[in-house]
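Good morning, and thank you for making the time. I would like to walk you through one structure, slowly enough that nobody needs to have seen it before.

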Amino acid sequence: MADRPELSVEERDVRRDAVGDLGAALRDLVDAAVRTEVPLGELAAVASAARELAARLRADGRGLHDIASVDDPATGERWYSPVYGPGNPVAPPMEADSSPDGRATGRVTLGKTHEGPPGLVHGGVVATMLDHVLARAIRAAGRGGLTATLTVTYRRPVPLGVPLVVTAQLGATEGRRTTAIARLAAEDDPVTTLAEAEGLFVALRPERAADVFAPTGRDVGAWTSRS
């Protein structure tokens, strides 16, 4: 993968569309798989078909540390992200946006794939979504960083099948350290906080980032100090 030429912007956009289409189809398959009660024989037949499809996709793959051709490591956009990646069938189907003033918003409706207690979203999934929107907010403001601490407060159970909104905003900045806060609410009841979080993000020094991301063979800037 490291020797494969990078795609042009136009080529990447075309491939992103195809990756997103496959991801949506597989997401539907995952949802069906965690909800099915079909007979044993049908389970076995589908498992066999799934293995055949997996073999087709593995005909040309990348290594564990290789960056996908549809990704942009400079901005941190990852199309196979386990949080929002259009190509990742287990990612919550989150749609996120951000603004240069250090604000970010994520919208998502979660189903059985991300269930913890019956009918409720798993607490770890809630924390992951909060963490992602926090990171997106600081990145939008031009601050790099990896999560150093994440403090989550769960106010109320988060139900499945309900449109949710996660909002985050930049907090304090000092050197390579940046804080941000976030909250999660139902779209139809925005004043009731379901969960909230505060995160501390620390940007890697350029020399440290070069060492950490060396296995990728790429210049990765989204998590690096800008100073």
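I will begin with the sheet, move on to the helix that lies across it, and end with the largest pocket.

Please keep in mind throughout that what you see is a predicted model.

Let us start with the sheet, which is an open one built from six strands, and if you follow it from one edge to the other you meet them in the order β1-β2-β4-β5-β6-β3, with antiparallel pairing. The strands at the edges are β1, residues 95-99, and β3, residues 146-154, and because each of them has a single partner strand, one side of each is left without a neighbour in the sheet. If we ignore direction, neighbouring strands in this sheet are turned against each other by 20 degrees on average.

Within that order, I would like to look at two of the pairings in more detail. Strands β2 and β4 run antiparallel and are joined by six bridges, and one contact you can look up on the screen is that of Thr 105, whose bridge partner in β4 is Thr 167. Moving along, β4, which covers residues 164-174, pairs with β5, residues 177-186, again in the antiparallel sense, and here there are nine bridges. Two residue pairs help to fix the register in your mind: Gln 169 has Ile 181 as its bridge partner in β5, while Leu 170 has Ala 180.

How many residues lie between β4 and β5 in the hairpin that they form? There are two, and Gly 175, which is in the turn, has a positive phi of about 60 degrees.

Now to the helix. Helix α3, residues 123-140, lies across β1, β2, β3, β4, β5 and β6, and it runs at about 65 degrees to β6, the strand made of residues 189-202.

A brief word on aromatic side chains: the structure holds zero aromatic pairs, but there is a ring with a charge over it, since the charged end of Arg 136 sits over the ring of Tyr 84, at 5.1 Å from the ring centre.

That brings me to the largest pocket, which has a volume of about 1000 Å³. It is lined by 39 residues, and those closest to its centre are Arg 15, Arg 62, Ala 68, Ser 69 and Tyr 80. Helices α1, residues 9-35, and α2, residues 40-57, each supply at least two residues of this lining, and the largest share, eight residues, comes from α1.

Conventions: Residues numbered from 1 in each chain as written. Predicted model: local features only at pLDDT ≥ 70, side-chain atom pairs only at ≥ 80, totals over all residues. Heavy atoms only, no water. Phe/Tyr/Trp six-rings, centres within 6.5 Å; stacked < 30°, edge-to-face > 60°. Lys NZ or Arg CZ within 6 Å of the ring centre and 35° of its normal. Pairing = 2+ DSSP bridges. Helix = DSSP H or I, 4+ residues; strand = E, 2+ residues; numbered from the N terminus. Axes fitted to C-alpha atoms, helices over the stretch in contact; angles between N-to-C directions. Contact = heavy atoms within 4.5 Å. 1 Å grid on protein atoms, 1.4 Å probe; cavity = no way out; pocket = protein on both sides within 12 Å on 5 of 7 lines; lining within 4 Å. Points joined across faces, edges and corners; volume = space filled by probe spheres on them.
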